[in-house]
Amino acid sequence: MDKIIDGKAIAATMRETIKADVEKLTAQGVTPGLAVVLVGEDPASRVYVSMKEKACEQAGIFSDEHKLPAATTEAQLLALIDEINNDARIDGILVQLPLPPHIDESKILEAIAPAKDADGFHPYNVGRLVTGNPLFQPCTPYGVMKMLEHTGVDLKGKEVVVVGRSNIVGKPVALMCLAQHATVTICHSRTRDLAAQVGRADVVIAAVGQPEMIKGAWIKEGAVVIDVGVNRVGDKKLVGDVEFAAAKERASAITPVPGGVGPMTITMLLYNTVESAKRRARR
Ligand code: NDP
């Protein structure tokens, strides 16, 4: 096992498979389609949306962009989602978050047809994940699971400590590890003695959003460390939630930031869209 888990390489391998699947589906007359909805001018959201657009193009996925002004009303957005829900060319729908404050985010996410919910945030898909019968799984945590799989980490019986309990990373990744028969602990801002919790872990998954707050000295010798955090320090430098240099000395495998979990998220969005198109092809 390589010590540095190369997210770029794993993502590239997966994208080759995705591309081949898209070619097969297209030959059967089912070109996978992803609709991306962006409301407003948030610069970071614009960058993400254009990255998703480009990734779709490279994979041969049909991408249908809807860029709407910030003044779009909730009713207009709901009407658009209804239209996309009924568009037979579309297998996945992604509404870029955050939405402008006058729009109720949960109302919008719940309006997406669960069978096209490529982000896996609809309560139906959350429920399927909780009950151990997943349909769409959220992209970043699903990417973490694919990285562990590609690295050859068998979670059965392992102590996994997840730091962070957000709906988009911490909670779903904990459920996914549980489904793989790990013993899972979820830590958060009120956890007492985080160092002791992390110190027990065979696998540490950090999704906190605070630069290098998990110290290398806390990591158990030989543990696997997955760092989801992306934190900008100073003008340009990106660091994770884990003190990488020190943690690397103790870990058996660790993801870098950047180049770790980051490249997996869009890859899993493509993957979810293609899996949905496969279901369409079987109907
Ligand atoms: P949130 O801010 O939604 O959640 C952060 C979690 O960390 C919360 O549960 C919070 O606890 C917990 N936390 C905060 N401070 C501490 C502390 N001192 N000790 C223990 N726990 C703490 O973040 P996200 O889950 O959305 O994202 C986490 C990180 O992952 C961010 O850096 C983000 O940029 C990154 N990210 C990367 C992605 C990618 O690579 N593609 C995609 C998504 C996220 P509490 O609940 O008690 O407040």
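## A tour from strand to ligand

Start by selecting Ala206 and Asp227: in this predicted model, Asp227 of β7 is the bridge partner of Ala206. Now show the two strands that hold this pair. β6 and β7 run parallel and are joined by four bridges.

**Stop 1: strand β6.** Select residues 203–206, which make up β6. Turn on the side chains and look along the strand: Val203 and Ile205 point one way, while Val204 and Ala206 point the other way. Are these four side chains buried or exposed? All of them are buried. What you see here fits a broader pattern. In a regular strand, side chains alternate between the two faces of the sheet.

**Stop 2: from β6 to β4.** Next, select residues 159–163, which form strand β4. β4 runs parallel to β6, and four bridges join the two. To find one of these links, pick Val161, whose bridge partner in β6 is Val204. If you display hydrogen bonds, keep the backbone visible. Strands of a sheet pair through backbone hydrogen bonds, either parallel or antiparallel.

**Stop 3: from β7 to β10.** Select residues 224–227 for strand β7, then add β10; the two run parallel and are joined by two bridges. Click on Val225 and then on Ile254, its bridge partner in β10.

**Stop 4: the whole sheet.** Now bring the strands together. In what order do the five strands form the sheet? The order is β5-β4-β6-β7-β10, with parallel pairing, and the sheet is open. Its edge strands are β5 (183–187) and β10 (253–254), each of which pairs on one side only.

**Stop 5: the ligand.** Center the view on the ligand and show the 21 residues around it. Which of them come nearest? They are Arg165, Ser166, Ser189, Gln210 and Thr265. By type, the shell divides into nine nonpolar residues, 11 polar ones and one charged.

Three atom pairs are worth a closer look:

- Gln210: one of its polar side-chain atoms lies 3.0 Å from a nitrogen atom of the ligand.
- His188: a polar backbone atom is 3.4 Å from a nitrogen atom of the ligand.
- Val228: a polar backbone atom is 3.4 Å from an oxygen atom of the ligand.

On its own, the ligand has 930 Å² of accessible area, and the protein covers 69% of that.

**Last stop: the domains.** Zoom out and color residues 30–115 as domain 1 and residues 139–262 as domain 2. The C-alpha centres of these two domains lie 29 Å apart.

Methods. Residues numbered from 1 in each chain as written. Predicted model: local features only at pLDDT ≥ 70, side-chain atom pairs only at ≥ 80, totals over all residues. Heavy atoms only, no water. Near = heavy atom within 4 Å. Polar contact = N/O pair within 3.5 Å; in protein donor to acceptor, adjacent residues only side chain to side chain. Areas by Shrake-Rupley, 256 points an atom, 1.4 Å probe, with all protein chains shown as cover. Nonpolar A, V, L, I, M, F, W, Y, C, P; charged D, E, K, R; others polar. Domains from an automatic or database assignment. Pairing = 2+ DSSP bridges. Buried < 20%, exposed > 50% of the residue type's maximum accessible area, 1.4 Å probe, protein only.
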